[in-house]
Amino acid sequence: MQRGQMNDSIINIRAHHLLCLQGFQGYGYSQDFVRNMAEIIKKIESNPELQIITGCDDICSYCPHQLEGVCQKDAGSVSGIKDVDRRVLQHLDLKEGIKGRARDFISLAKARLRSISDIKDICGDCDWKEECLWFVSRSQ
Ligand code: SF4
Ligand code: SF4
């Protein structure tokens with residue numbers, strides 16, 4: 001995905017980013033990344049339609065690790081991050097590509113992923129755990 005492709009009517013969100021959005025405190029991979037993330041969170045407050053995917057999304061599109069529409073953060077990122085997205089879909093009983101209102105997906109994630117044991121196979125290898133309100137709130 002190239003920069004600037006965010007569609008006003010529907011926002012593409014890869015499944016694990018449903019969690020990251022809720023833990024965001026202003027940290028990220030670059031200034032552009034942080035600005036875009038804050039913009040998406042602002043849009044989500046108005047309950048737009050989301051499409052839940054397992055590839056690069058409207059958050060990845062401003063990430064320096066996204067190259068030619070693929071996450072290339074680490075050696076195993078291409079399949080590894082997709083696996084994390086698939087695990088989130090399993091926990092939430094959702095199919096890839098599903099569309100719906102932001103609040104419904106966020107409520108579902110909150111209801112299904114309540115404790116550290118619920119998210120250990122999702123957030124376990126993330127570099128941002130210490131800065132992430134979602135992770136910290138489930139670690140207490
Ligand atoms: S710990 Fe990492 S993967 Fe988990 S919600 Fe936070 S930022 Fe996302
Ligand atoms: S590290 Fe990968 S999955 Fe995370 S935002 Fe960047 S491109 Fe997307």
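These exercises work through a predicted model of one chain and its ligand.

**Exercise 1. The fold in outline**

Find how many helices and strands the chain has, and in what pattern they follow one another.

*Solution.*
Step 1. Count the elements. The chain has six helices and five strands.
Step 2. Read along the sequence. The pattern is β-α-α-β-β-β-α-β-α-α-α.
Step 3. Test the compactness. The radius of gyration is 14 Å, and the globule rule gives 14 Å for 140 residues, so the chain is as compact as a globular protein of that length.

**Exercise 2. Extent, burial and contacts**

Describe the box that the C-alpha atoms fill, then give the share of buried residues and the share of contacts from residues 24 or more positions apart.

*Solution.*
Step 1. Take the principal axes. Along them, the C-alpha atoms fill a box of roughly 35 × 35 × 25 Å.
Step 2. Turn to burial. Of the 140 residues, 39% count as buried.
Step 3. Look at contacts with a separation of 6 or more. Residues 24 or more positions apart account for 71% of them.

**Exercise 3. The surroundings of ligand 1**

List the residues that surround ligand 1 and sort them into nonpolar, polar and charged.

*Solution.*
Step 1. Name the shell. Leu19, Cys20, Cys123, Cys126, Lys129, Cys132, Trp134 and Phe135 surround ligand 1.
Step 2. Assign the elements. Helix H1 (17–23) and helix H6 (133–139) are the elements that give two or more residues to this shell.
Step 3. Sort by type. Seven shell residues are nonpolar, none is polar and one is charged. Lysine counts as charged and cysteine as nonpolar.
Step 4. Place the ligand among the pockets. The space that ligand 1 takes is the largest pocket.

**Exercise 4. Two residues with positive phi**

Asn47 and Asp93 both have a positive phi without being glycine. Locate each one, and decide: buried or exposed?

*Solution.*
Step 1. Start with Asn47. Its phi is about 60°. Asn47 lies in the loop between helix H2 (31–44) and strand E2 (49–53).
Step 2. Apply the cut-off for burial, which is under 20% relative accessible area. Asn47 has 17%, so Asn47 is buried.
Step 3. Go on to Asp93. Its phi is near 55°. Asp93 is in the loop between helix H3 (77–92) and strand E5 (99–101).
Step 4. Apply the cut-off for exposure, which is over 50%. Asp93 has a relative accessible area of 61%, so Asp93 is exposed.

How values were computed:
Residues are numbered from 1 along each chain as its sequence is written. Chains are lettered from A and ligands numbered from 1 in the order in which they are written. This is a predicted model: local features need pLDDT of at least 70, side-chain atom pairs count only at pLDDT 80 or more; totals for chains, interfaces and linings use all residues. Side-chain values use heavy atoms; hydrogens and water are left out. A residue is near a molecule or strand if one of its heavy atoms lies within 4 Å of it. On a 1 Å grid over the protein atoms alone, a cavity is a set of points where a 1.4 Å probe fits but cannot get out, and a pocket is an open set with protein on both sides within 12 Å along at least five of seven lines; lining residues have an atom within 4 Å of a point. A molecule sits in a cavity or pocket if more than half of its atoms lie within 2 Å of its grid points. Helices (H or I, at least four residues) and strands (E, at least two) are DSSP runs, numbered from the N terminus. The radius of gyration is taken over C-alpha atoms; the globule rule is 2.2 Å times the number of residues to the power 0.38. Buried means under 20% relative accessible area, exposed over 50%, partly exposed in between (1.4 Å probe, protein chains only). Contact means heavy atoms within 4.5 Å.
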